[in-house]
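Colleague: I have the fold open on my screen. Can you walk me through it?

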Amino acid sequence: ACNEVGLDCGVYFFTEAKTEAEGIEEAEFVLENLGDYEVQLPIVIDIEESANVNKSRTKNLSKEDRTKAIIAFCEKLKQEGYEPMLYGNLKSMMLMTDIYQLEDYDKWFAYYHYPLRFPYKIKIWQYTSAGKVDGIKGSADLNLMFY
């Protein structure tokens, strides 16, 4: 409905890719499902660990393999003319990936404390998961977008 009411639209996708090939497959899945929608904002790949870590297929994935899969996803999107972005927290960005290899990609950083502590440039800061928004029952994530 974003396109219909004139709001900028983006895409958010949670990855479970274990290899470069699976990273490309996930990107292709996202691209296939875009249809005719206009996407003005980034296509975001959530690189956090699964909420149920013990059942996650990426539970024991190495930092190197996770990073390669993420890069493959992002590069496929770039080849198709889209802007990729990484979404994560301190653990996923600093411990689960090789952040140095991911410096070329914009970041959406979830960190619920102030002052913000992250030594890399970010485009979006998710500063709370306990926000209140009219029309949403319960808590909502709140973000600041630096564009």
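Colleague: How many residues of strand β3 are buried?

Modeller: This is a predicted model, so read everything as computed. In β3, residues 84–88, 5 of the 5 residues are buried, so the strand is largely enclosed by the rest of the structure.

Colleague: Which way do the β3 residues point?

Modeller: Pro-84, Leu-86 and Gly-88 point one way. Met-85 and Tyr-87 point the other way. All are buried.

Colleague: What pairs with β3 on the β2 side, and in which sense?

Modeller: Strand β2, residues 43–46, pairs with β3 in the parallel sense, over 4 bridges. Val-44 stands opposite Met-85 in β3.

Colleague: How does the chain get from β2 to β3?

Modeller: The chain goes through α3. That β-α-β crossover is right-handed.

Colleague: And β4? Do β3 and β4 run parallel or antiparallel?

Modeller: Parallel, with 4 bridges joining β3 to β4. Met-85 stands opposite Asp-106 in β4. The chain crosses from β3 to β4 through helix α4, residues 90–95, and this β-α-β crossover is right-handed.

Colleague: What is the bridge partner of Leu-86 in β4?

Modeller: Lys-107.

Colleague: Is β4 mostly covered or mostly open?

Modeller: Mostly covered. In β4, 4 of the 5 residues are buried.

Colleague: What about β4 and β5? How many bridges there?

Modeller: 3 bridges, with the two strands paired in the parallel sense. Trp-108 has Ile-124 in β5 as its bridge partner.

Colleague: Switching to pockets. What volume does the largest one have?

Modeller: The largest pocket comes to about 250 Å³.

Colleague: How many residues line the largest pocket, and which lie nearest its centre?

Modeller: The lining has 14 residues. Nearest the centre are Gly-10, Leu-41, Trp-108, Ile-124 and Met-145. Trp-108 and Ile-124 are also the bridge partners I just mentioned between β4 and β5.

Colleague: Which strands supply at least two residues of that lining?

Modeller: β1, residues 11–14, and β6, residues 140–145, each do.

Colleague: How does the pocket lining split by class?

Modeller: 11 nonpolar, 2 polar and 1 charged.

Colleague: How many cavities of 30 Å³ or more does the structure hold?

Modeller: The count is 1. The largest cavity has about 40 Å³ of space.

Colleague: Which residues line the largest cavity?

Modeller: Thr-15, Glu-16, Ala-17, Thr-58, Arg-66, Ala-69 and Ile-70. By class, that lining has 3 nonpolar, 2 polar and 2 charged residues.

Colleague: Now charges. How many salt bridges are there?

Modeller: The count is 6. One of the pairs is Lys-76 with Glu-28, at 4.0 Å from N to O. That pair links distant parts of the chain, 48 residues apart. Lys-76 sits in helix α3, residues 63–79, and Glu-28 in helix α2, residues 20–34.

Colleague: Is Lys-76 buried or exposed?

Modeller: Lys-76 counts as buried, because its relative accessibility is 16% and the cut-off for buried is under 20%. Glu-28 has a relative accessible area of 32%, so Glu-28 is partly exposed.

Colleague: What about Glu-75? Which residue does it bridge to?

Modeller: Lys-78, with the closest N and O atoms 3.6 Å apart. The two are 3 residues apart in helix α3, so about one helical turn separates them. Glu-75 is partly exposed at 30% relative accessible area. Lys-78 is partly exposed too, at 41%.

Colleague: You named Asp-106 earlier. What does its side chain meet in a salt bridge?

Modeller: Lys-123, at 3.9 Å from N to O. Asp-106 lies in strand β4, residues 106–110, and Lys-123 in the loop between β4 and β5, so the pair ties together parts that are 17 residues apart in sequence. Asp-106 counts as partly exposed, with 22% relative accessibility.

Colleague: Last one. Which residues do salt bridges with shared partners join into one network?

Modeller: Glu-28, Lys-76 and Glu-80. Two of those names are familiar: Lys-76 and Glu-28 are the pair that meets at 4.0 Å.

Note on methods:
Residues numbered from 1 in each chain as written. Predicted model: local features only at pLDDT ≥ 70, side-chain atom pairs only at ≥ 80, totals over all residues. Heavy atoms only, no water. 1 Å grid on protein atoms, 1.4 Å probe; cavity = no way out; pocket = protein on both sides within 12 Å on 5 of 7 lines; lining within 4 Å. Points joined across faces, edges and corners; volume = space filled by probe spheres on them. Nonpolar A, V, L, I, M, F, W, Y, C, P; charged D, E, K, R; others polar. Buried < 20%, exposed > 50% of the residue type's maximum accessible area, 1.4 Å probe, protein only. Pairing = 2+ DSSP bridges. Right-handed = clockwise from strand over helix to strand, strands pointing away.
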